[in-house]
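User: I should like to go through the terms used for this structure and learn on what grounds each is applied. Please set every value against its criterion.

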Amino acid sequence: MYDLIIIGAGASGLISAIVASSSGEKVLLIEKMSQAGRKLRITGKGRCNLTNTLPLKEFLKHCGSEPRFLYPAFNLFFSKELINFFEQLGLKTVEERGGRIFPQSGKAQDVFLALINEIEDSSCQVLKDTQVTSLMIENNRIVGVKAQSRTKGNKEYLAKKVILAAGGESYPLTGSQGDGIRLAKAAGHNIIPTLPSLVGLKLKDYNQERIHPSIVGFGVRNVKATISLESGKKIAEEFGELTFRENGVEGPIIITLSRQIARLLSQGERLFLNIDFKTALSEQELDEKLLSELNIRGKEDLRSVLRAFLPHELIYLAIYQTALDPRKKASFVTSQERKEILAFLKHCQFEIIGDFGYEQAIVTQGGVDLKEINPKTLESKLIKGLHFAGEVMDLDADTGGFNLQIAFSTGYLAAQNAEKED
Ligand SMILES: Cc1cc2nc3c(=O)[nH]c(=O)nc-3n(C[C@H](O)[C@H](O)[C@H](O)COP(=O)(O)OP(=O)(O)OC[C@H]3O[C@@H](n4cnc5c(N)ncnc54)[C@H](O)[C@@H]3O)c2cc1C
């Protein structure tokens, strides 16, 4: 019989294991993959953006639809505590632009190693390659879990408390395949429908082969991307960098926007992406500049005029979108054609027809309904002794270190309560 069983050795489960075992609890950490923390090790493009130093009020603006739910977890263990916690484990951190915190070594692997070394030095027992298949519940109280492994077959593990820290559904190769959500549902919890979030967007009538293969992987900076409804109503806007991919676009501003439109997109709402490639110039200024270039370069072809405004990869896109003849001499470009070029530069529009799916989504939107979880303890309001931590809950945030802080803070809080209540 264990005091505590933790399902999932991801960011939230690992910290829960450290907190609970440091108080002498008998803890069992169960991980379905052959290695723990697979997702943690690839975070932040291998650099792991641990957290963000924004003050609480600003920080919460980047977190989910119910940020108040996070107050108790953040009051207990916020960015400062997280940085100190890792310092004590021997991991130094550095702050970068936008308050983003990274390990000084620049290696996500070191974040994982700091946690797992601490666990291996503790009394916590770790079972890898073992998948929890069901929660054992008697009279609305958790009594243990059933798990399956190649070496041990099907086994029951008894415990007074269980923390479900099995993650969401994104990046399934790391082990987060929705098991946690299925286990919570089987226990009677309501699930807010899950969706890929922080993910690239697929565009209609975007064909990289017909545009030009060199568009794939091409990134543009200082652009403004706006998402609007069919009625033209603007619903989200971001300024920064985006990258063209095989079937659509990704990059920092696109993934941020994807989070804001995930629900609408899943409801079948028609949504449009508008890109302003020339944010520094007003439409009128740009038109004047275009007119002047067309006059100066009267004997050159349209492609060479466009080169004064765009990198060559985007000229392929401009030609594809406007359907103008790139060989046309500048002096023959009509005012209607000039308007089309201007529209491309300031309002390049595509219909959004989907996203790149869980395989490429950084987080999962949706999950266990927060209404059924006590925010002060992260205990289920339905099943005594069952706690939640991390992305399995209906919690997701923007990029910038917010998601890992949520995982670490909730993992910390869930384990605290497990200690106190025992
Ligand atoms: C590519 C990528 C980069 C990211 N970069 C950042 C970043 O830099 N900063 C940031 O803040 N966030 C980042 N995130 C998001 C962040 O990694 C997640 O929000 C966070 O890892 C969630 O932690 P978790 O503990 O809830 O779940 P996870 O880390 O997903 O861990 C869940 C664990 O549970 C295990 N598990 C699942 N089912 C079972 C079962 N039935 N039995 C036993 N074990 C099970 C899984 O194998 C997994 O190890 C990134 C995500 C991705 C995909």
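User: What makes H9 a bent helix, and where is the bend?

Analyst: In this predicted model, H9 bends by about 55° at glutamine 260. The figure is the angle between one axis fitted to the seven residues ending there and another fitted to the seven starting there.

User: How do you know how the span of H9 compares with the expected one?

Analyst: Helix H9 covers residues 252-266, which is 15 residues. The expected span is 1.5 Å times one less than the number of residues. For H9 this gives 21 Å, and the helix reaches 21 Å from its first C-alpha to its last, close to the expectation.

User: Which residues of H9 are buried, and what follows the helix?

Analyst: The buried residues of H9 include Ile253, Ile254, Ile255, Leu257, Ile261 and Leu265. Arg259 is also buried. Just after H9, glycine 268 takes a positive phi of about 85°.

User: Why is aspartate 3 called buried?

Analyst: Aspartate 3 lies in strand E1, residues 2-7. Its relative accessibility is 18%, and buried means under 20%; therefore aspartate 3 counts as buried.

User: What makes the pairing of aspartate 3 with lysine 160 a polar contact?

Analyst: The two side chains make this contact at 3.3 Å, and the cut-off for a pair of N or O atoms is within 3.5 Å. In addition, a polar atom of the side chain of aspartate 3 lies 2.6 Å from the backbone nitrogen of lysine 26.

User: Is glutamate 379 buried or exposed, and how do you know?

Analyst: Glutamate 379, in strand E19 (residues 379-380), has a relative accessible area of 10%. The limit for buried is under 20%, so glutamate 379 is buried. A polar atom of its side chain lies 2.5 Å from the backbone nitrogen of glycine 385.

User: What is noted about the phi of leucine 378, and why is this residue called buried?

Analyst: Leucine 378 has a positive phi of about 60° although it is not a glycine. Most residues other than glycine have a negative phi. Leucine 378 is found in the loop between strand E18 (373-374) and E19. With a relative accessible area of 1% against a limit of under 20%, leucine 378 is therefore buried.

User: Why is asparagine 222 called partly exposed?

Analyst: Asparagine 222, which lies in strand E12 (residues 219-229), is at 48% relative accessibility. Buried is under 20% and exposed is over 50%, with partly exposed in between, so asparagine 222 counts as partly exposed. Its phi is near 55°, a positive value in a residue other than glycine.

User: Why does valine 94 have the label partly exposed?

Analyst: Valine 94 is found in strand E4, residues 93-96. Its relative accessible area is 28%, in between the limits of 20% and 50%, so valine 94 is partly exposed. Its C-alpha is 9.0 Å from that of glycine 106, with the two residues 12 apart in sequence.

User: What makes asparagine 75 an exposed residue?

Analyst: Asparagine 75 belongs to helix H4, residues 71-76. Its relative accessible area is 57%, and exposed means over 50%; therefore asparagine 75 is exposed. The C-alpha atoms of asparagine 75 and arginine 97 are separated by 25 Å, and the two residues are 22 apart along the chain.

User: Which residues surround the ligand most closely, and which polar atoms lie by its atoms?

Analyst: There are 35 residues around the ligand, the closest being Ser12, Glu31, Ser176, Glu391 and Leu404. An N or O atom in the side chain of serine 176 is 2.6 Å from an oxygen atom of the ligand. Nitrogen atoms of the ligand lie 2.9 Å from a backbone N or O atom of glycine 44 and 2.8 Å from a polar side-chain atom of aspartate 179. Each of these distances falls within the 3.5 Å limit for a polar contact. Taken alone the ligand exposes 1000 Å², of which the protein buries 96%.

User: Which element gives the largest share of the shell around the ligand, and how is that shell composed by class?

Analyst: The largest share, 4 residues, comes from H14. By class, the shell has 15 nonpolar, 15 polar and 5 charged residues.

How values were computed
Residues are numbered from 1 along each chain as its sequence is written. This is a predicted model: local features need pLDDT of at least 70, side-chain atom pairs count only at pLDDT 80 or more; totals for chains, interfaces and linings use all residues. Side-chain values use heavy atoms; hydrogens and water are left out. Helices (H or I, at least four residues) and strands (E, at least two) are DSSP runs, numbered from the N terminus. Buried means under 20% relative accessible area, exposed over 50%, partly exposed in between (1.4 Å probe, protein chains only). A residue is near a molecule or strand if one of its heavy atoms lies within 4 Å of it. A polar contact is a pair of N or O atoms within 3.5 Å; within protein, one must be able to donate a hydrogen and the other to accept it, and residues adjacent in sequence count only if both atoms are side-chain atoms. Accessible areas come from the Shrake-Rupley method with a 1.4 Å probe; for residues, only the protein chains shown count as cover. Ala, Val, Leu, Ile, Met, Phe, Trp, Tyr, Cys and Pro count as nonpolar, Asp, Glu, Lys and Arg as charged, and the others, Gly among them, as polar.
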